[in-house]
Amino acid sequence: MAPGRKPKSAGPARPSSTLILDNGADTIKAGFVTDDDSTTDKAPRIVPNCIARDRHHKTYVGSELERCKDFGEIAFRRPVEKGFIVNWEAQKEIWDRAFFDDKAPQKCDPSTTRLVLAEQPNSLPALQTHCDQIVFEEYGFSSYYRGIGPSFNAYQDIQAIFHTPRTPDTIIDVPAEVILLIDSGYSHTTVTPILQGRPLQPAIRRLDVGGKLMTNHLIRLLSVRHFDMRNETYIVNEMKEAACYVSLDFKGDLDKMWKGTRGERREDYATGGSIAKDYVLPDSHTRFHGIVRNHEPGAAARARKSAVSTEDILTLRNERFSVPELLFNPTDIGLRQPGLADLVMQSLSVLPVGLWPGLLANIVVVGGNAKFDNFIQRLQVELLERVPDECVVRVARPEDPIVSTWLGAANFAKHEHADRLAVTKQEYEEHGAAWVARKFALGLGINT
């Protein structure tokens, strides 16, 4: 070294711990990944992404909702709307309770931690810039990457999800070469073609049908036919998740549940057939959650007439399958958007035909709505009716579709791409928010 020359200063040390946040509208999937953590099946902690107040005016923030025993007339304040963080005042309070307060269950020191944050495709630049400022200026994370949630799923073993036969010594390439990722969550449903870990932006499509809209639709149906459930969002959402399913024969199921004209006795409707179920509502004393059980004709009427009965029973008939049907036929409620299968075809139509076989053979569905019974089978049947005969269509979901994006992001955090794409606090201070936004938008660039 020449006399008088100062040694070149080393950059900031690479954080040894990474906080992975899949910041969903309904729940936050959160967990830490460390350099010496070799496990790949680590599960995240699921935190309700809301501030709730019950009828007794008691407030619950995030995971405190688990202590609530009376969900009747509970009101929610959610920081995420339409899939994007729009209320940072509420979001910071939830994050602080979960990660930064002295008694936080997942205590985090931002100055020594990298943050990997999953966001929805096509977020507004103003919202993204505000998010970057909060991360660096309010919390002071040492390193940070904000990526599109569906893309993180490419960092999983996709062929294992399809149970593809392989030899034991097969090398697993991540990110996966090509997948078509369908994310159906609380706010909406997106279709994202992904090539080597990069989303193909012109082909991303969005359907404004998610868990929230379906719950609200079920509330309207129940309020007209049974009880006034307009203030029972939480209870109806539980009911939807427990009792609803996707029909493989919508017209046939609808015919079975047709009550018939005046004076006509239809046996399927009277007995409930194989579709009708009784849902016992929680009473906030002995039952804090509802119960689904086989339909007993007349049980609901007897419970209403009995002076000693402690059960409030709703009989669910065509509500069970007409609510998830909105994913495939949103026009049923006047929403002028194509159904999910048509949305997939719209996405494919802007891509080279040469990519179609790979995408159609690797369709992965994640998000809470993927847990509806028959969802995968229905989507595969509808796509087979629309694609060329020579194309193979495979549709699958991970074992737990709710945490799939988090698991992919955890794998991404250990990948060399994470070091290349992440931005340090020093770089943010040197180059500013606009430079950070451009780097995140560029993503992996041309060469991976």
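**Strand S10, helix H6 and the cores**

Let me begin with strand S10, which runs antiparallel to strand S20 (residues 423-424) and is joined to it by two bridges, with Val-423 in S20 serving as the bridge partner of Tyr-144. I should say at once that what we are looking at is a predicted model. Strand S9 (residues 113-119) also pairs with S10, here in the parallel sense and over six bridges, and in this pairing Leu-117 stands opposite Arg-146. Taken with helix H2 (residues 125-139), S9 and S10 form a right-handed β-α-β unit. As for how S10 is covered, both of its faces are, since Ser-143, Tyr-145 and Gly-147 are buried on one side, and Tyr-144, Arg-146 and Ile-148 are buried on the other.

Turning now to the nonpolar cores, the largest has 57 residues, and those with the most contacts inside it are Phe-375, Leu-379 and Leu-383. Several elements supply at least two residues each, among them strand S11 (178-184), H6 and helix H13 (375-384), while the largest share, six residues, comes from H11. Because domain 2 (174-208 + 337-397) and domain 3 (211-322) both give residues to this core, it lies between them. Leu-383, leaving aside residues up to four places away in sequence, touches Ala-341, Val-344, Met-345, Ile-363, Val-393 and Val-395. There is also a second, separate core of 50 residues, which includes Leu-21, Ala-25, Val-61 and Trp-406.

Finally, helix H6 (residues 233-243) has among its buried residues Asn-237, Glu-238 and Lys-240, alongside Ile-235 and Val-236, and what covers the buried residues of H6 includes helix H5 (211-225), strand S15 (277-280) and helix H10 (319-322).

Notes:
Residues are numbered from 1 along each chain as its sequence is written. This is a predicted model: local features need pLDDT of at least 70, side-chain atom pairs count only at pLDDT 80 or more; totals for chains, interfaces and linings use all residues. Side-chain values use heavy atoms; hydrogens and water are left out. Buried means under 20% relative accessible area, exposed over 50%, partly exposed in between (1.4 Å probe, protein chains only). Helices (H or I, at least four residues) and strands (E, at least two) are DSSP runs, numbered from the N terminus. Contact means heavy atoms within 4.5 Å. A nonpolar core is a set of buried Ala, Val, Leu, Ile, Met, Phe, Trp, Tyr and Cys residues joined through side-chain atoms within 4.5 Å. Domain bounds come from an automatic or database domain assignment. Two strands pair if DSSP finds at least two bridges between them. A crossover is right-handed if, with the strands pointing away from the viewer, the path from the first strand over the helix to the second runs clockwise.
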